[in-house]
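This briefing reviews selected features of one protein structure. Please have the sequence and the coordinates at hand while reading.

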Amino acid sequence: MGSQVGDAAAAADVVYLHGVLEATVFEAEHLHSAIYGRIMEATEKVEESLGVHCLQHSRLYVDVDVGAARVARTGEVEFHPTSPAWNQSFRLHCAYPAAAVTFTVKNQRLIGAGVLGAGSVPAARVATGQPLECWLDLRGGEHGHVTHTPKLRVRLRFFGVETDPCWDAGVRLPGFAGVRPAFFPERTGCGVTLYQNAHLSDAFDPRVRLAGGRAYRPARLWEDLYAAIRDARRFVYVAGWSVNTEITLVRDARRMAPGAEGVTLGELLKRKADEGVAVLLMPWQDQTSVSFLGNVGLMKTHDEETRRFFEGTAVRCFLCPRNADASLTVVQHVEVSAQFTHHQKTVTLDAATPGADGGRHVVSFIGGIDLCDGRYDDENHTLFRDLDTTYLHDFMQNNFKHACLRRGGPREPWHDVHCRLEGPAAWDVLTNFEQRWRKQAPAHMRGCLLELTPAAFPDPTGLGDDDSWSVQVFRSIDDASVEGFPSDPAEAAAMGLTSGKNVTVDRSIQAGYIEAIRRARRFVYIENQYFLGGCASWAEDRDAGCLNLVPVELALKVAAKIRRGERFAAYVVTPMWPEGEPAGEAVQAILRWNRLTVEMMYGIVMKAIDDAGLRGQVHPCDYLNFFCLGNREAPRPGEYSPPETPEKDTDYWRAQVNRRAPIYVHAKLMIVDDEYVMVGSANLNERSLAGNRDSEIAQGSYQPAHLNGPCGRARGQVHGFRMSLWHEHFMGRHAAGEDVDAGVFLEPESVDCVRAVRQAAERLWDAYTQDRVEDLPGHLLPFPITVSEFGEVADLPADGCFPDTRAPVKGWKAAKLPAILTT
């Protein structure tokens with residue numbers, strides 16, 4: 001039976017496995033001949049007795065591939081002369097085209113691994129959903145097997161996505177309880193505050209009405225964060241990719257809090273520590289921040305400056321490296337520590353509990369906004385204004401070479417999203433900080449954590465049913481960065497963790513995105529710094545390693561709705577280009593991955609249109625659209641006049657002359673059906689979603705009293721937040737057109753809404769690219785591509801380059817940078 005399964009897989013048809021695959025790897029037989037096995041066993045015993053471990057064939061593991069995608073890897077087991085056993089099970093989200101599911105047995109070496117054999121099961125057989133347990137013949141091993149056939153016992157069962165009760169179900173109560181299993185379960189009775197940008201001006205009023213006629217009132221992040229730190233009494237715990245002690249949180253003179261003017265973050269934290277508050281700070285350590293580079297670091301995170309600022313103070317600060325798991329090879333250690341980061345941005349502290357005399361509770365802030373330079377911005381996203389006031393000590397422009405305040409704008413505008421959590425979910429963020437601190441803090445600092453208990457800091461009880469949230473905290477992180485993960489694969493799996501080669505990984509952020517998209521019924525709205533994935537479905541470079549499923553899941557959701565004759569819309573907002581010089585190798589490589597992703601998605605959508613017999617009747621952009629943000633400002637009297645000018649005929653010079661620039665989208669946000677929201681630090685790329693690359697944290701949440709249902713559409717805070725973002729992007733200054741009824745934007749899935757949003761973006765693009773310079777009445781632009789009625793993707797600009805640059809929109813393949821760095 002094993003040989004029949006393996007041979008049949010070689011010529012099998014490709015099918016699309018979309019759903020959940022349960023796989024178990026049991027044991028192997030006859031990996032080596034009896035004589036060879038006894039020789040290896042004897043050699044190992046001799047080496048062990050001598051204290052020497054040179055044998056390359058001593059630890060064995062199994063890779064599991066679905067088509068071109070590596071989806072799982074067992075733990076390593078000690079060498080067994082004939083029959084090693086793993087007995088490890090996996091539950092895997094799948095969205096892959098595949099001819100076969102392949103199992104490859106390997107032996108770990110000091111550098112690389114050797115193949116002992118591989119066996120396959122036809123994907124068409126797996127797709128039937130019938131349980132399958134069999135012995136697979138293993139072929140193609142490096143030693144050859146003349147006298148025997150090695151075998152591997154496996155079990156597979158596939159569950160198609162549309163058989164899942166959660167598919168297309170939205171959030172239904174009772175019954176829905178978040179992503180399960182997961183390290184952090186869904187928590188009820190929480191509070192959530194959603195923030196757009198670090199600040200909003202007094203003039204910002206999205207004029208959104210919620211259920212019961214209540215007005216949506218947007219909050220202001222850095223004002224709230226300043227007040228929260230100022231008022232903390234027991235502890236302030238900060239983890240960040242970058243923490244800059246020189247920034248000021250409160251800058252708006254019209255909203256200046258007493259005593260806040262000019263107070264830097266570093267001074268504020270030192271003041272709290274001097275008051276006896278436990279202030280613990282854990283910025284990421286950029287390994288390139290070394291003395292011969294001036295301690296600046298390639299990422300310019302100010303990590304060494306921050307460490308020195310707090311040296312000798314009551315603030316306990318250490319720079320936290322992105323270490324590799326101890327079980328990895330020497331090469332992998334270098335790869336992880338040099339290329340990946342701690343990307344979480346969290347602040348957890350104690351706050352006064354309203355109505356509780358002297359009572360205090362735990363509050364956590366998480367999201368995309370780093371506590372560093374360049375992040376302060378409001379809904380206006382100015383380019384040339386306030387440079388000598390608000391941005392005098394905080395001018396940032398990383399897209400143009402030699403840009404600085406002395407040479408003038410445009411500054412780099414920054415759009416971002418963050419949130420504040422209260423209740424049980426805030427404790428989960430605290431747990432994440434404690435796990436990371438205990439794992440990586442220097443020995444003399446590990447005792448600095450306070451013993452915090454819910455009894456001493458009870459959660460608020462004043463939330464009414466209408467205002468209550470259910471929240472689940474997600475992470476991308478591995479056991480090199482946290483303590484508390486079980487080493488036993490079965491125990492890890494029961495907590496929603498994955499194990500491979502003795503590394504335990506939490507990739508629940510990706511699971512949260514996948515399951516939320518699968519539940520979606522009407523629309524998905526995404527803002528993210530990057531959007532690339534699903535490489536197993538790309539037209540080329542399927543081995544790039546960018547396997548996260550978010551883009552392909554979104555395309556498959558749209559396709560399923562088209563085939564069923566139901567309306568659905570997906571909106572994706574990203575930067576015009578990734579931060580950096582647009583013609584640089586890294587930026588161009590990422591743009592190429594993005595183009596392959598977008599082409600893949602429109603290909604899936606177009607096939608569904610054809611399958612439904614709708615070719616020529618509908619357009620792919622009636623369902624799926626990509627946008628970016630930009631701004632343009634006419635000169636004003638009294639505006640800052642720089643003493644120098646950029647070098648002529650550079651990107652910087654052209655942007656200054658044309659008075660325009662992209663707004664950098666740094667948000668990590670998804671809104672589903674106006675009832676469910678995800679906010680965090682994770683980008684939609686492999687670095688953020690793999691779990692064993694950059695460390696990340698996010699939350700997915702909803703208000704049980706404000707869900708879609710037979711009584712009407714969700715009109716709670718999630719809806720208000722989406723409308724507030726759209727007000728900022730294009731609705732606030734009539735960019736959608738005077739003749740457009742604003743009510744159309746209440747139903748984002750409708751074709752009328754999709755076309756109205758597109759028309760607004762196209763109108764703004766015309767104003768952005770025209771010769772005449774005038775203030776842009778909005779910021780939403782089409783991502784600079786065109787999509788034909790047949791789903792073919794091309795460049796929007798006639799010359800194929802971004803405005804004011806010589807940089808291709810479609811990107812190009814990097815000659816020097818490895819894919820693992822840019823995906």
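Is Cys-535 buried or exposed? Cys-535 counts as buried, at 0% relative accessibility. The model under review is predicted. The points below take up its cysteines, its nonpolar cores, a four-stranded sheet, one helix and two buried polar residues.

**Cysteines**

- The number of disulfides in the model is zero.
- Cys-535 takes part in no disulfide, and its nearest cysteine sulfur, which belongs to Cys-546, is 5.9 Å away.
- Cys-317 is likewise unbonded, because its sulfur is 11 Å from the closest cysteine sulfur, that of Cys-320, which is too far for a bond.
- The relative accessible area of Cys-317 is 11%, and the residue is therefore classed as buried.

**Nonpolar cores**

- The largest nonpolar core holds 198 residues. The members that touch the most others are Phe-103, Leu-152, Leu-421, Trp-437, Trp-726, Phe-730 and Phe-745.
- Helix α12 (residues 585-611) supplies the largest share of this core, with 15 residues.
- A second core, separate from the largest one, has 42 residues, among them Tyr-195, Ala-232, Ala-260 and Val-277.
- Beyond residues up to four places away in sequence, Trp-726 touches Tyr-525, Tyr-571, Met-731, Phe-745, Pro-748, Cys-753 and Val-757.
- In soluble globular proteins, nonpolar side chains tend to be buried together.

**Four-stranded sheet**

- An open sheet of four strands runs in the order β5-β1-β9-β8, with antiparallel pairing.
- Strands β5 (85-98) and β8 (132-137) stand at the edges; each has a single partner strand, so one side of each lacks a neighbour in the sheet.
- From one strand to the next, the twist averages 30°.
- Nine bridges join strand β1 (residues 15-29) to strand β9 (residues 151-160) in the antiparallel sense. Phe-159 in β9 is the bridge partner of Val-20.

**Helix α4**

- The buried residues of helix α4 (residues 221-231) are Leu-221, Trp-222, Glu-223, Leu-225, Tyr-226, Ala-228 and Ile-229.
- These buried residues pack against one helix segment, α5 (265-274), and against β10 (187-196), β14 (346-352), β15 (360-367) and β17 (417-422).
- An α-helix has 3.6 residues a turn, so residues three or four places apart point the same way.

**Asn-625**

- Asn-625 lies in strand β23 (residues 624-632) and is buried, with a relative accessible area of 1%.
- The side chain of Asn-625 makes a polar contact of 2.5 Å with the side chain of Arg-758.
- Apart from neighbours within four places in sequence, Asn-625 is in contact with Ala-570, Tyr-571, Val-572, Tyr-602, Val-754 and Arg-758.
- Arg-567 is 58 residues from Asn-625 along the chain, and the C-alpha atoms of the two are separated by 14 Å.

**Gln-656**

- Gln-656 is placed in helix α13 (residues 651-658). Its relative accessibility is 17%, and Gln-656 therefore counts as buried.
- A polar atom of the Gln-656 side chain lies 2.8 Å from the backbone oxygen of Arg-407.
- With neighbours within four places in sequence left aside, the contacts of Gln-656 are Phe-384, Arg-407, Gly-408, Gly-409, Pro-410 and Pro-646.

Technical notes: Residues numbered from 1 in each chain as written. Predicted model: local features only at pLDDT ≥ 70, side-chain atom pairs only at ≥ 80, totals over all residues. Heavy atoms only, no water. Core = buried A, V, L, I, M, F, W, Y, C linked by side-chain atoms within 4.5 Å. Buried < 20%, exposed > 50% of the residue type's maximum accessible area, 1.4 Å probe, protein only. Helix = DSSP H or I, 4+ residues; strand = E, 2+ residues; numbered from the N terminus. Contact = heavy atoms within 4.5 Å. Disulfide = S-S within 2.5 Å. Polar contact = N/O pair within 3.5 Å; in protein donor to acceptor, adjacent residues only side chain to side chain. Pairing = 2+ DSSP bridges. Axes fitted to C-alpha atoms, helices over the stretch in contact; angles between N-to-C directions.
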